[in-house]
Amino acid sequence: MKYVIILADGMADLPIEALGNRTPLEAAYTPNMDRLALKGRCGLLHTVPAGLHPGSEVANMSVLGYDVARLYQGRGVLEAASMGVDVPTGTVAMRCNLISVSDNNRIENHSAGHISTEEATELIDTLQKELGNDNIKFYPGVSYRNLLLVKGADARVECTPPHDVPGADIDTVLPCAAVADADVFAELLRDLISKSRTILENHPVNVARRKLGKYAANCIWPWSPGYRPAMAPLKEMVPINKGVVISAVDLVFGIGIYAGLATIRVDGATGLYDTNYEGKLQAALKALGDNDTDFVFLHIEASDEAGHEGDAQLKIKTIENLDRMIVGPLAESVACMPEPVRIAILPDHPTPCSIRTHTSDPVPFLIYDPDIEPDQTAVFSEKEAAKGVYGELFGDRFIKIFIT
Ligand SMILES: [Zn+2]
């Protein structure tokens with residue numbers, strides 16, 4: 001048996017009045033997912049343990065069966081893996097945003113106006129030259145999303161994500177120690193933030209940006225500190241030989257890398273509505289056709305973006321695209337493969353259009369293979385999956401039921 005998970009980011013939702021109190025998944029025309037639900041089995045999965053924020057990284061780790069409450073170490077270390085940066089034991093990795101701070105000391109923009117990767121790299125290189133040493137290293141990433149590694153630090157520092165506090169006076173949201181042992185590290189971070197302002201304020205990149213009326217990237221903002229997560233390879237948890245992850249999202253690649261999965265980057269896979277469905281589908285089919293590979297984690301971002309925009313019609317379109325361009329052709333192709341392929345479809349978390357952010361509610365899932373005994377579920381939806389034979393699952397139950 002081979003296995004493929006089609007992960008539709010943020011696809012689950014709440015009933016919407018304008019859709020006759022249906023969810024986008026219920027309102028969308030999805031003959032392929034409905035057929036798999038009819039011939040397969042459904043259930044609900046809890047992907048966000050109590051007390052954790054419903055981030056995609058948390059929920060995707062949960063889907064793969066990892067105990068997030070114990071293993072989660074923040075975004076920085078996942079992005080580091082995706083960037084190919086090794087985080088040695090005892091080193092703290094952090095996301096290091098380039099942000100814009102106004103003359104009156106306020107966070108003007110958490111992404112420095114989505115600064116280009118080229119400009120950001122120049123700024124990060126300068127910071128590395130001026131502030132980097134054997135213990136402190138800055139790495140350029142993509143756009144405002146860069147990386148800071150600090151050797152021998154105590155990660156128990158409370159940091160505020162800059163996108164959560166637009167307009168805040170930065171002195172009120174600076175990193176602070178959660179325990180006394182982390183005082184030194186918190187002080188170091190505050191010092192780096194302060195020095196970065198001096199270095200970046202009149203950097204030629206920022207002088208040029210201001211001339212064009214763009215936000216200056218005049219400050220760093222490190223957040224989400226953590227160590228290398230103690231994740232066992234997925235093949236030690238479930239009987240697979242070789243797995244791959246196909247995505248456009250760094251955090252998902254990072255999880256895949258720590259889970260011991262190979263990463264496949266598809267040209268034109270943007271994570272947005274115009275993502276390269278065809279390329280992702282072909283990559284998944286090629287991987288499944290490879291003798292060694294028996295697990296594919298295919299992550300599609302588009303429905304989450306539509307949820308964040310609060311656009312129910314757009315979300316319906318992303319779900320219909322997924323059904324028509326991924327689920328249908330994938331199910332048809334794998335049916336002709338020599339080895340049977342079991343398919344699971346699920347979101348990582350809901351991103352309800354009415355709230356425009358993630359929630360922690362359980363998500364619907366379906367599992368199908370040619371020999372599975374169907375349950376009573378007739379279509380794939382939040383409501384119908386709740387009637388599925390698997391009931392409500394927690395922890396690693398889903399992945400262990402799916403991969404046997
Ligand atoms: Zn997500």
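**Reading a serine, a zinc site and a threonine**

Me: Where does Ser224 lie?
Reply: Ser224 lies in strand β9, which spans residues 219-226. Helices (H or I, at least four residues) and strands (E, at least two) are DSSP runs, numbered from the N terminus. Before we go on, this is a predicted model, where local features need pLDDT of at least 70, side-chain atom pairs count only at pLDDT 80 or more, and totals for chains, interfaces and linings use all residues. Residues are numbered from 1 along each chain as its sequence is written, and side-chain values use heavy atoms, with hydrogens and water left out.

Me: Is Ser224 buried or exposed?
Reply: The general idea is a cut-off: buried means under 20% relative accessible area, exposed over 50%, and partly exposed in between (1.4 Å probe, protein chains only). Ser224 has 13%, so it counts as buried.

Me: What is Ser224 in contact with?
Reply: Contact just means heavy atoms within 4.5 Å. If you skip the neighbours within four places in sequence, the list for Ser224 includes Tyr72, Gln73, Gly74, Arg75 and Gly76, along with Ala93, Met94, Arg95 and Cys159. Look at Arg75 in particular: its backbone nitrogen is 2.8 Å from a polar atom of the Ser224 side chain.

Me: Now the metal. Which residues are the protein donors of the zinc ion?
Reply: Donors are N, O and S atoms within 2.8 Å of the metal (3.2 Å for Na, K and Ca); water is not among the atoms, so sites may look incomplete. Here you'll find Asp9 (OD) listed twice, then Ser56 (OG), Asp348 (OD) and His349 (NE2), at 1.9 to 2.7 Å from the zinc ion.

Me: How are the donor residues spaced in sequence?
Reply: The pattern for the zinc ion reads D-x46-S-x291-D-H. Ser56 sits in helix α3 (residues 56-63), while Asp348 is in the loop between β13 (341-346) and β14 (363-368), so this pair ties together parts 292 residues apart in sequence.

Me: Are Ser56 and Asp348 buried or exposed?
Reply: Use the cut-off from before. Ser56 counts as buried at 14% relative accessibility, and Asp348 counts as buried at 0%.

Me: One last try, with Thr30. Where is Thr30 found?
Reply: Look in the loop between α1 (24-27) and α2 (31-39) for Thr30. Its relative accessibility is 1%, so Thr30 is buried even though it's in a loop.

Me: And which residues is Thr30 in contact with?
Reply: Leaving out neighbours within four places in sequence, Thr30 is in contact with Leu25, Ile319 and Asp323.

How values were computed. A polar contact is a pair of N or O atoms within 3.5 Å; within protein, one must be able to donate a hydrogen and the other to accept it, and residues adjacent in sequence count only if both atoms are side-chain atoms.
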